[in-house]
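Trainee: I should like to go through this model element by element. Please show me the sequence and the structure first.

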Amino acid sequence: LLRVNLSDVAAKGAVPFGYMLACHWSERCGWPEREAFVAGLRRDQAIFDIHLLGGDTVKTTGPASFSVTMMGWVPSGTAIHRGGARAGDDVFVTGTIGDGWLGLLACQGKLSLDPDRLQTLQNAYRTPTPRTDYADLVLKYATASCDVSDGLLADAGRIAEASGLCVEIDLAVTPLSGAGQSWFDSRVDDEAALEQLASGGDDYQILFTAPAGQEDAVRRESERRHVRVTKIGRVTEGRGLSVVYQGQVINPVRVGWTHD
């Protein structure tokens, strides 16, 4: 609950400090469920050094639901938005792509991998790690940024739309984890498999654009933080998302989740 909201704040280059929480408790939720919920909040508050600032708690006859408003500090006027990309910028993504989607499949019992791989993927889906440790680099180098929640391709398309330019993504360099690579190696259609990984969502990595001349600096400072970063494309004149695989422009069957 907190982690997916922390991811949004980090992608703006902000340092999170607190949140508001609205709880709509179902009548089916007893004290054991509520105590487990509070224990999870307490754990993540300690991990990410954030505090509950207020909110509301009500009872509902429907299913339980929760809403978080996360807040963070950033110098006035410097927050990084989706709409700042410039033609000639490089496109980067932190971490690896596809583990969130594969983790959902693992939780549903739809994957056949080694138990350790399955556990890694389930953890990636259930407790993603937001890149709060990367917020200062976003603020320092990024011209546009968002977190990868709806799918790498879908979110790249949103940067393109907001910036009024074309974002070109090279599908072949999609960064994979060891577990993701194991799944990929078992596929017979590499292009289709990469499309699935790049459109699945729930990765909570940071997708950002930065001036081409800053690539070495971005890589160097990322290594100091032990954060993997991959250059996966570029920003060009034009409009919308362009996906390339092995030098050819392709039309993905799906780019990710849409909020229609």
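Trainee: Which residues of E7 lie on one side of the strand, and which on the other?

Mentor: This is a predicted model, in which local features need pLDDT of at least 70 and side-chain atom pairs count only at pLDDT 80 or more, while totals for chains, interfaces and linings use all residues. Residues are numbered from 1 along each chain as its sequence is written, and side-chain values use heavy atoms, with hydrogens and water left out. Both faces of E7 are covered. The buried residues (under 20% relative accessible area with a 1.4 Å probe, protein chains only; exposed is over 50%, partly exposed in between) are Ile206, Phe208 and Ala210 on one side, and Leu207 and Thr209 on the other.

Trainee: How many residues of strand E7 are buried?

Mentor: Strand E7 spans residues 206-210, where strands (E, at least two residues) and helices (H or I, at least four) are DSSP runs numbered from the N terminus. The strand is largely enclosed by the rest of the structure, because the number of its residues that are buried is five of the five.

Trainee: Which residue in E7 is the bridge partner of Phe92, and which stands opposite Cys146?

Mentor: Two strands pair if DSSP finds at least two bridges between them. Strand E4 (residues 90-94) runs antiparallel to E7, with four bridges joining them. Strand E5 (residues 144-147) is also paired with E7 in the antiparallel sense, over four bridges. The partner of Phe92 is Phe208, and opposite Cys146 stands Leu207.

Trainee: Thr230 is the next residue on my list; what relative accessible area does Thr230 have?

Mentor: Thr230 has its place in strand E8 (residues 229-236). Leaving aside residues up to four places away in sequence, Thr230 touches Val91, Phe92, Val93, Val173 and Pro175 (contact means heavy atoms within 4.5 Å). Thr230 counts as buried, its relative accessible area being 14%.

Trainee: What is the strand order of the open sheet of three strands?

Mentor: The pairing in this sheet is mixed. Its edge strands, each pairing on one side only, are E2 (51-60) and E3 (65-73). From one strand to the next the twist averages 10°. The order is E2-E1-E3.

Trainee: Over how many bridges do E1 and E2 pair, and which residue in E2 stands opposite Tyr19?

Mentor: Strand E1 covers residues 15-26 and pairs with E2 in the parallel sense over nine bridges. Within E2, the residue opposite Tyr19 is Leu52.

Trainee: What angle does the direction of H2 make with that of E1?

Mentor: Helix H2 (residues 31-48) packs on the sheet and touches E1, E2 and E3. Axes are lines fitted to C-alpha atoms, for helices over the stretch in contact, and angles run from 0 to 180 degrees between N-to-C directions. For H2 and E1 the angle is about 175°.

Trainee: At what angle to E3 does helix H1 run?

Mentor: Helix H1 comprises residues 2-11 and lies across E1 and E3. Just after H1, Gly13 takes a positive phi of about 85°. Relative to E3, the helix runs at about 35°.

Trainee: Against which elements do the buried residues of H1 pack?

Mentor: H1 is mostly covered, with eight of its 10 residues buried. These are Leu2, Arg3, Asn5, Leu6, Ser7, Val9, Ala10 and Ala11. The elements they pack against are E1, H2, E3, helix H5 (135-141), E5 and E7.
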